[in-house]
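The following exercises are to be worked with the sequence and the coordinates at hand. Each task is followed by a solution in steps.

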Amino acid sequence: MSNPALWSAIRLHSQGPRRHGRRGEQANVELSIALENPQKAGAVFGPADRHLRMIREAFGVQVYAREGQIRLTGAARNVSRAAAVLEQLQKALRSNQAITPDSVAEAISNAAPPAQPPEGEALDVYIAGMQVRPKTPGQRRYIEAMLSHDLIFSTGPAGTGKTYLAVAVAVNMLKHLRARRLILVRPAVEAGEKLGFLPGDMQAKVNPYLRPLFDALHDMMEYDQIRRFLVNDLIEVIPLAYMRGRTLNDSVIILDEAQNTTVPQMLMFLTRMGHGSKLIVTGDDSQIDLPEGVLSGLLDAQRRLAGIEGLAFVRLHRQDIVRHRLVQKIVEAYARADAGTSRQAPEGDGAAGGKGR
């Protein structure tokens, strides 16, 4: 640690290398820390040990706290980073600064390693042994754009992996501490039918719209881990309307189904971007469910923002569809039918002004 004098007692010892460890793999270590002011342990630990849980989830270390003592166990580099966070919290206490979840998250972000893209094309996620890889050249370009730009717009037909790959990149960044939060956003727009009154509280009403985002998360994280991350605000899944007035730093924010945003909603969303954040906007511009005559914020943004440095537009096509083999044939059949209808429509009948479903 940078200043050993901050701790009244430190015990560090190697637990020995993991069985069958690879060359260069770090051994587990244990670090015991006696807090300078045990009477203020509650401020460091947080309500119901929330701050300690945030540190545990961020660095993958075991954290034990008892009678003003904290014991960290895990890979040496992760234990060192967790200790650095605790050092920052101790420093805040000495300066009579309040310790909040936001200040803990900031300390975690400061202790994280510098951003580096994953090796090769594989994106490792939280489920052990699972890697997400692009399956088409278009998907490969999409992943490269997400890793190298802070604002990305991805459009294309259903089944091309727009949402799934965006969630995979975000989960990979969260796992490797290149982001401290993952925020998944969707507009609550009904797909061509009126659902009427929905029972339950507000969360129950919006859950059907957010379900596809949870489906992607469940492929990459265990249920209990998703639940912990949601409780600790490391993952947030919210409807677009709840984004107003927020500024989001050091986060990956994914706006899904963006074709169903209005122009003011898209402007509101894009201006939520804070320092160190990445915005990924996905949508299928052939399935717009807005009322007749309302311009899609996604289509408007593509026109307004073209040519701005630092953002990327990625278009996926029917050959990038990776769902069931029939999905690609279905999309192609509808595209042929739409093209035939357009050729047969008489001039002046208003067909060109339709929404292009």
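## Exercises with worked solutions

**Exercise 1. Confidence and overall make-up.** State how confident the predictor is in this chain, and describe the chain's general composition.

*Solution.*
Step 1. The model is a predicted one, and its mean pLDDT over the chain is 79, with 78% of the residues scoring at least 70.
Step 2. Residues 1-26 have a pLDDT below 50, and the model gives this stretch 52 contacts beyond near neighbours in sequence. Residues 190-196 also stay under 50; for them the model has 7 contacts beyond four places in sequence.
Step 3. The secondary structure comprises 11 helices and 12 strands. The chain has 357 residues, of which 44% count as buried.
Step 4. Among contacts with a separation of 6 or more, 71% are between residues 24 or more positions apart.

**Exercise 2. The open sheet.** Determine the strand order of the open sheet and identify its edge strands.

*Solution.*
Step 1. The sheet has 6 strands in the order E9-E8-E10-E11-E7-E12, with parallel pairing.
Step 2. E9 and E12 (311-315) are the edge strands, since each pairs on one side only.
Step 3. From one strand to the next, the twist averages 15 degrees.
Step 4. Helix H9 (residues 263-270) lies across E7 (151-155), E8, E10 (251-255) and E11 (278-283). The angle between H9 and E11 is about 155 degrees.

**Exercise 3. An edge strand examined.** Is strand E9 (residues 235-239) enclosed by the rest of the structure or open to its surroundings, and which residues of E8 and E9 are bridge partners?

*Solution.*
Step 1. E9 and E8 (residues 181-186) run parallel and are joined by 5 bridges.
Step 2. Glu236 of E9 is the bridge partner of Ile183, and Pro239 of E9 is the partner of Arg186.
Step 3. On one side of E9, Ile235, Val237 and Pro239 are buried; on the other side, Glu236 and Ile238 are buried.
Step 4. With 5 of its 5 residues buried, E9 is therefore largely enclosed by the rest of the structure. E9 is nevertheless an edge strand, pairing on one side only.

**Exercise 4. A covered helix.** Find which residues of helix H2 (residues 50-59) are buried and which elements cover them.

*Solution.*
Step 1. Of the 10 residues of H2, 7 are buried, and the helix is mostly covered.
Step 2. The buried residues are His51, Leu52, Met54, Ile55, Glu57, Ala58 and Phe59.
Step 3. The covering elements include helices H1 (41-45), H3, H4 and H8 (223-231), together with strands E3 (62-66) and E4 (69-75).
Step 4. Just after H2 comes Gly60, with a positive phi of about 65 degrees.

**Exercise 5. Two helices in contact.** Classify the packing of helices H5 (residues 137-148) and H6 by angle and by handedness.

*Solution.*
Step 1. The axes of H5 and H6 are 10 Å apart, and the helices pack at an angle of about 40 degrees.
Step 2. An angle under 35 degrees would count as roughly parallel; H5 and H6 are therefore oblique to each other.
Step 3. Their crossing is right-handed.
Step 4. H5 contributes Gln139, Tyr142, Ile143, Met146 and Leu147 to the contact, and H6 contributes Lys162, Leu165, Ala166 and Val169.

**Exercise 6. Positive phi outside glycine.** Compare the settings of Asn96 and Leu177, and decide for each whether the residue is buried or exposed.

*Solution.*
Step 1. Most residues other than glycine have a negative phi.
Step 2. Asn96 has a positive phi near 60 degrees, and Leu177 a positive phi of about 65 degrees.
Step 3. Asn96 is in the loop between H3 (76-94) and H4 (101-111). Leu177 is in the loop between H6 (162-175) and E8.
Step 4. Asn96 has 66% relative accessibility and so counts as exposed, whereas Leu177, at 12%, is buried.

**Exercise 7. The surroundings of Tyr64.** Establish where Tyr64 lies and which residues it touches.

*Solution.*
Step 1. Tyr64 belongs to strand E3.
Step 2. Its relative accessible area is 38%, making Tyr64 partly exposed.
Step 3. Leaving aside residues up to four places away in sequence, Tyr64 touches Gln69, Ile70, Arg71 and Thr73.
Step 4. Ser32 is 32 residues from Tyr64 along the chain, and their C-alpha atoms are separated by 9.3 Å.

Note on methods:
Residues numbered from 1 in each chain as written. Predicted model: local features only at pLDDT ≥ 70, side-chain atom pairs only at ≥ 80, totals over all residues. Heavy atoms only, no water. Buried < 20%, exposed > 50% of the residue type's maximum accessible area, 1.4 Å probe, protein only. Helix = DSSP H or I, 4+ residues; strand = E, 2+ residues; numbered from the N terminus. Pairing = 2+ DSSP bridges. Axes fitted to C-alpha atoms, helices over the stretch in contact; angles between N-to-C directions. Contact = heavy atoms within 4.5 Å. pLDDT = per-residue confidence, 0-100. Parallel < 35°, antiparallel > 145°, perpendicular 65-115°, else oblique. Left-handed = near helix turned anticlockwise from the far one by under 90°.
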